[in-house]
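Visitor: I would like a close look at a single part of this model, with its surroundings described as far as they bear on that part. Please keep to what can be computed from the atoms or taken from a record.

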Amino acid sequence: MSALRLLYLALTLAGAVAPLSQLLAGGLPAALARFTPGPSDMLITAIALALWAIAETWVRRNWLALIALPVTFLLGPGCGLPLYLFLRTAPVR
């Protein structure tokens, strides 16, 4: 397994810790009532997006798409992911 896949798996596990701990502590109704995505969720999402964007940009050589990285960390994944997808789907020259 590549290092990038291991990082994705680690981020997946890190992202599962909070919701699963809520679920185990009080059952499904309590977990749904108490759990709201927090800063750690946004950070894990931003890191996963950044890793994917770097790996994808490295292969496609679409260096302009890297502008989505600072946008992701400054404005959030809700802005960074659509921007990256917009830049990634530009016609190939």
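Guide: Take residues 66–87: the span is 86% helix and 0% strand, yet its end C-alpha atoms lie 9 Å apart. An unreviewed UniProt entry lists this span as a "transmembrane region", along with residues 41–59. Residues 41–59 are 100% helix and 0% strand, with 27 Å between the end C-alpha atoms. The model is predicted, and these spans should be read with that in mind.

Helix 4 covers residues 77–88, and helix 3 covers 68–75. Helix 4 has twelve residues and runs 16 Å from first C-alpha to last, close to the 16 Å expected at 1.5 Å a residue. P77, G80, Y84 and L87 are its buried positions to note here. They are on the same side of helix 4 because they cover an arc of only 105° around the axis. An α-helix has 3.6 residues a turn, so residues three or four places apart point the same way. The other side of helix 4 holds G78 and F86, both exposed. Cover for the buried residues of helix 4 comes from elements including helix 2 (39–60) and helix 3 (68–75).

One residue of helix 2 leads back to this buried side. T57 is located in helix 2 and counts as buried because its relative accessibility is 1%, under the 20% cut-off. Beyond its neighbours within four places in sequence, T57 is in contact with N62, W63, A65, L66 and Y84. Y84 is one of the buried residues of helix 4, and L66 opens the listed span 66–87.

Between helix 2 and helix 3 lies a loop that includes R61. The phi of R61 is near 60°, a positive value in a residue other than glycine. Most residues other than glycine have a negative phi, and most peptide bonds are trans. R61 is classed as partly exposed because its relative accessible area is 49%.

Helix 2 also has contacts with the N-terminal part of the chain. L51, a residue of helix 2, is in contact with L4, L7, Y8 and L11 when neighbours within four places in sequence are left aside. L51 and L7 are 44 residues apart along the chain, and their C-alpha atoms are separated by 8.4 Å. L7 falls within helix 1, which spans residues 3–34.

As for the chain as a whole, it has four helices and zero strands, in the order α-α-α-α along the sequence. Of its 93 residues, 23% count as buried. Among contacts with a separation of 6 or more, 51% join residues 24 or more positions apart. The accessible surface is about 6500 Å², and carbon and sulfur atoms make up 75% of that area.

Confidence varies between elements. The mean pLDDT of the chain is 81, and 88% of the residues score at least 70. Helix 3 has the highest mean among the elements, 88, and helix 1 the lowest, 75. Where pLDDT is low, the predicted coordinates should not be read in detail.

Methods: Residues numbered from 1 in each chain as written. Predicted model: local features only at pLDDT ≥ 70, side-chain atom pairs only at ≥ 80, totals over all residues. Heavy atoms only, no water. Helix = DSSP H or I, 4+ residues; strand = E, 2+ residues; numbered from the N terminus. Buried < 20%, exposed > 50% of the residue type's maximum accessible area, 1.4 Å probe, protein only. Contact = heavy atoms within 4.5 Å. Areas by Shrake-Rupley, 256 points an atom, 1.4 Å probe, with all protein chains shown as cover. UniProt positions renumbered as here; feature names shortened; annotations may be inferred. Expected span 1.5 Å × (residues − 1). Arc of directions from axis to C-beta. pLDDT = per-residue confidence, 0-100.
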